[in-house]
Amino acid sequence: MNELQREYSAFINNMDVRLGAFVLADLPETFEKEDGETVKFPKDFGTKSLPMLELFVLSKFPSTEAILEPENRRFFEGLIRYLGETYLRAIGGVWDHDETTGNGMPFIRPDTEEGPAAGEPIPLVAIVLTAVDQRSAEVFTAVLDKARENLGGDGLPRRKCTGLSLGMLTAENSSEEEVEFLSRFIGTVEPGIAAWTQEQAEPASWGFDRESLARLGKQVAVRYDTREDMMSEEETPFVAGAMRFIGETVRRIGFGQWRYGTELEADDPRSRQPFVRFVIGDQNLDLVPWRLIQAALEDSEAIASALDAVIELREKEAAEAAASDGDSTGTDDEG
């Protein structure tokens, strides 16, 4: 996997947390329209949210130069995510990127009457810049209208919602403190891991896989005798990088979501700690990297075994779903 592929993979893999944080932390609850009326700001990925979203963007950024400032990068990326997911729900399609352009920026490849993802790419970055430059508050919707024409017929998508299935943070399942923490923390995960691996023996050999987790567990068991050893100031960079590596590896393989423990009892291992949540069926399984790295002191396989447990549950979930589908088919056939 080359650098552009890694960047695109990270963009997709971090969609739930980054997009959830954008919706909660960056989009307002209400918005004052040009006529002075204050209305509730829609955050539902519906097409009616597009004009309001564009007006909000124009109110924040007077020029394309402003939105491209480094301090606005997180907002810009969140805006691209929201815009793309809204288009997918309205017209169908898939997220994609083009490495041949040299930038690998994500775009939407929409459905058309010719078939799924058969349309010309919708360049989200260019659309946002055009909207800020033209200042008409009509660009986001105009792009959607054109894509709907290419669907033919009644302009409705041929497929059920093709937006990502997001376990997003919402005002109901998270706190403001959690959103603020994750908004800062998520951006440090991949750079932190990259810096950490460069400090390890054979940096290129570290991958987001079970083998690397098992190797890390053995390294921790050799490196430390007690939990207190890990907490010394000189060990902070190693432990911080290792925790990010553990969490991101199990999250990617097990399809989890970064969370942060707030409003929990002090003796809860998730309290004031980043952790990874896996929603399996109607149950939550939470893995705390700080807890796992401590467990490796007693059992060097503890970290890799935690991943094994997630995989086993995922496989069981898939088998039960397949059995349920088979039962339904059998019932239909009998009818």
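Colleague: Which residue follows α5, and what is the sign of its phi?

Modeller: G92 comes directly after α5, and its phi is positive, near 80°. Keep in mind that this is a predicted model.

Colleague: How do you know that the end-to-end span of α5 agrees with its number of residues?

Modeller: Helix α5 covers residues 73-91, which is 19 residues. At 1.5 Å a residue these should span 27 Å, and the end C-alpha atoms are 27 Å apart, so the two values agree.

Colleague: What makes α5 largely enclosed by the rest of the structure?

Modeller: A residue is called buried when its relative accessible area is under 20%. In α5, 15 of the 19 residues are buried, so the helix is largely enclosed.

Colleague: Why are α2 and α5 called roughly perpendicular?

Modeller: The axes of α2 (residues 15-26) and α5 cross at roughly 105° and come within 9 Å. Angles of 65 to 115 degrees count as roughly perpendicular, and the pair is therefore described that way.

Colleague: Which residues make the contact between α2 and α5?

Modeller: On the α2 side they are M15, R18, L19, F22, V23 and D26. These meet R74, F75, E77, G78, L79, R81, Y82 and E85 of α5. By class, the contact has seven nonpolar residues, six charged and one polar.

Colleague: Now the sheet. Why are β5 and β7 said to stand at the edges?

Modeller: The sheet is open, with three strands in the order β5-β6-β7 and antiparallel pairing. β5 (257-260) and β7 (283-287) each have a single partner strand, so one side of each has no neighbour in the sheet. On average, neighbouring strands are turned by 40° against each other, direction ignored.

Colleague: How do you know that β5 and β6 count as paired?

Modeller: Pairing takes at least two bridges. β5 and β6 (residues 274-280) have four, in the antiparallel sense. Within β6, V276 stands opposite W258. Helix α8 (residues 176-198) packs on this sheet, touching β5 and β6, and its direction makes about 130° with that of β5.

Colleague: Why is W206 called buried?

Modeller: The cut-off for buried is under 20% relative accessible area. W206 has 10%, so it is buried. W206 sits in the loop between α8 and α9 (210-223).

Colleague: What is W206 in contact with, leaving aside its neighbours within four places in sequence?

Modeller: The contacts of W206 are W196, T197, Q200, A201, S212, R215, L216, Q219 and F245.

Colleague: How many residues separate W206 and C161 in sequence, and what is their distance in space?

Modeller: W206 and C161 are 45 residues apart in sequence, and their C-alpha atoms are 36 Å apart.

Notes. Residues are numbered from 1 along each chain as its sequence is written. This is a predicted model: local features need pLDDT of at least 70, side-chain atom pairs count only at pLDDT 80 or more; totals for chains, interfaces and linings use all residues. Side-chain values use heavy atoms; hydrogens and water are left out. Helices (H or I, at least four residues) and strands (E, at least two) are DSSP runs, numbered from the N terminus. The expected span of a helix is 1.5 Å times one less than its number of residues. Buried means under 20% relative accessible area, exposed over 50%, partly exposed in between (1.4 Å probe, protein chains only). Axes are lines fitted to C-alpha atoms, for helices over the stretch in contact, and angles run from 0 to 180 degrees between N-to-C directions. Angles under 35 degrees count as roughly parallel, over 145 as roughly antiparallel, 65 to 115 as roughly perpendicular and the rest as oblique. Contact means heavy atoms within 4.5 Å. Ala, Val, Leu, Ile, Met, Phe, Trp, Tyr, Cys and Pro count as nonpolar, Asp, Glu, Lys and Arg as charged, and the others, Gly among them, as polar.
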